[in-house]
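Student: I'd like a close look at one part of this protein, the aromatic side chains and what sits around them. Could you walk me through it in one go?

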Amino acid sequence: MDERRGYVPTKEEAMTNSEFKGIIRRAFTLNGFRYVSKNLRFDGSAASILIGLQKFEYGESYFINVGLYLRTLGDEVPAKVEHTHMYFRLERLFPEWSDAIIIGGQLSHHEQPDLAVHLARLIEDKCVPALVELANSLDRIRRVWKDGGLRSGFILKEARQLLSSEISSTTDSLPETL
């Protein structure tokens with residue numbers, strides 16, 4: 001049992017939906033995200049990030065959806081990930097960890113709950129820091145966009161136009177993983 005994450009069932013017990021959601025939610029809330037309208041939210045200076053868990057309709061699996069709401073394009077952050085300016089599945093944003101992210105969301109996998117705990121640590125240690133960096137710099141979001149990141153998802157036309165515009169002269173480095 002990992003004390004920071006709360007109760008984790010043993011391998012002999014099946015992991016429930018609420019146990020999985022709790023483990024994943026804690027991974028984000030321990031790192032500055034807060035629970036708002038059934039989603040997790042982080043408000044940066046350039047963007048708000050919404051995280052939503054989506055249950056796969058044909059099995060015991062979850063997807064982690066990530067939405068970016070760009071402050072330059074609006075003030076009212078929506079309640080749903082799919083209403084943001086851009087949204088993606090977590091494994092598309094971090095392709096180097098896609099297997100761990102996808103398998104970690106499969107509740108029926110024979111190695112649960114260990115996989116969910118591993119996924120939570122990956123989120124805490126790698127994904128959240130990179131997402132927070134993006135949320136705090138429009139130039140950084142633009143650079144990731146221009147380098148081919150942030151392309152494997154839904155992007156509104158106005159977001160695409162904004163990201164395609166000139167990058168300022170600031171020389172921020174890219175998030176290591178995006």
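Tutor: Here is a walk through the aromatic rings and their surroundings, with a few backbone oddities along the way. Keep in mind that this is a predicted model.

Let's get our bearings. The chain has six helices and six strands, and from the N terminus they come in the order α-β-β-β-β-β-α-α-α-α-β-α. Of the 178 residues, 49% are buried. If you take the contacts between residues at least 6 apart in sequence, 58% of them join residues at least 24 apart.

Now for the rings. Searching the whole structure turns up seven aromatic pairs. One of them is Phe 33 with Phe 42, a tilted pair with 5.5 Å from centre to centre and 45° between the planes. Both of these phenylalanines are buried. Phe 28 joins Phe 33 and Phe 42 in one aromatic cluster.

What does Val 132 touch, once residues up to four places away in sequence are set aside? Phe 33, Phe 42 and Ile 49. Val 132 belongs to helix H4, residues 114–135. Although Val 132 and Phe 42 are 90 residues apart in sequence, their C-alpha atoms are 7.6 Å apart in space.

Right after Phe 33 comes a polar neighbour to look at. Arg 34 lies in strand S1, which covers residues 34–36, and with 42% relative accessibility Arg 34 counts as partly exposed. Leaving out neighbours within four places in sequence, Arg 34 is in contact with Asn 39, Leu 40, Arg 41 and Asp 43. With Asp 43 there is a polar contact between the two side chains, at 2.7 Å. The C-alpha atom of Arg 34 is also separated by 9.9 Å from that of Ile 51, 17 residues away along the chain.

In the loop between S1 and strand S2 (39–43) you'll find Ser 37. Its phi is positive, about 45°, although Ser 37 is not a glycine. Ser 37 is partly exposed, at 47% relative accessibility.

Back to ring pairs, starting again from the total of seven. Tyr 87 and Phe 154 have ring centres 5.3 Å apart and planes at 40°, so this pair is tilted. It links distant parts of the chain, since Tyr 87 is in strand S5 (residues 86–89) and Phe 154 is in strand S6 (residues 154–155), 67 residues apart. Why do both rings count as partly exposed rather than buried? Tyr 87 has 26% relative accessibility and Phe 154 has 38%, while buried would mean under 20%.

Some rings have a charge for company instead. The charged end of Arg 89 sits over the ring of Phe 63, 3.8 Å from the ring centre. Over the ring of Trp 145 sits the charged end of Arg 151, 3.7 Å from the centre.

Trp 145 takes us to helix packing. The axes of H5 and helix H6 (residues 157–164) come within 9 Å and cross at roughly 95°. The two helices are therefore roughly perpendicular to each other. On the H5 side, the contact is made by Leu 138, Ile 141, Arg 142, Trp 145 and Lys 146; H6 brings in Arg 160, Leu 162, Leu 163 and Ser 164.

There's another arginine to see in H5. Arg 140 sits in this helix, which spans residues 138–146. Is Arg 140 buried or exposed? Buried, because its relative accessible area is 13%, and the cut-off is under 20%. The side chain of Arg 140 makes a polar contact of 3.3 Å with the side chain of Glu 133.

Past H5, in the loop that leads to S6, lies Leu 150. Phi of Leu 150 is near 60°, positive in a residue other than glycine. At 5% relative accessibility, Leu 150 counts as buried.

One more backbone feature to check on your screen: a cis peptide bond joins Gln 112 and Pro 113, with omega about 10°. Pro 113 is in the loop between H3 and H4.

Conventions:
Residues are numbered from 1 along each chain as its sequence is written. This is a predicted model: local features need pLDDT of at least 70, side-chain atom pairs count only at pLDDT 80 or more; totals for chains, interfaces and linings use all residues. Side-chain values use heavy atoms; hydrogens and water are left out. Helices (H or I, at least four residues) and strands (E, at least two) are DSSP runs, numbered from the N terminus. Buried means under 20% relative accessible area, exposed over 50%, partly exposed in between (1.4 Å probe, protein chains only). A polar contact is a pair of N or O atoms within 3.5 Å; within protein, one must be able to donate a hydrogen and the other to accept it, and residues adjacent in sequence count only if both atoms are side-chain atoms. Rings of Phe, Tyr and Trp (its six-membered ring) pair if their centres lie within 6.5 Å; planes under 30 degrees apart count as stacked, over 60 as edge-to-face and the rest as tilted. A charge sits over a ring if NZ of Lys or CZ of Arg is within 6 Å of the ring centre and within 35 degrees of the ring normal. Axes are lines fitted to C-alpha atoms, for helices over the stretch in contact, and angles run from 0 to 180 degrees between N-to-C directions. Angles under 35 degrees count as roughly parallel, over 145 as roughly antiparallel, 65 to 115 as roughly perpendicular and the rest as oblique. Contact means heavy atoms within 4.5 Å.
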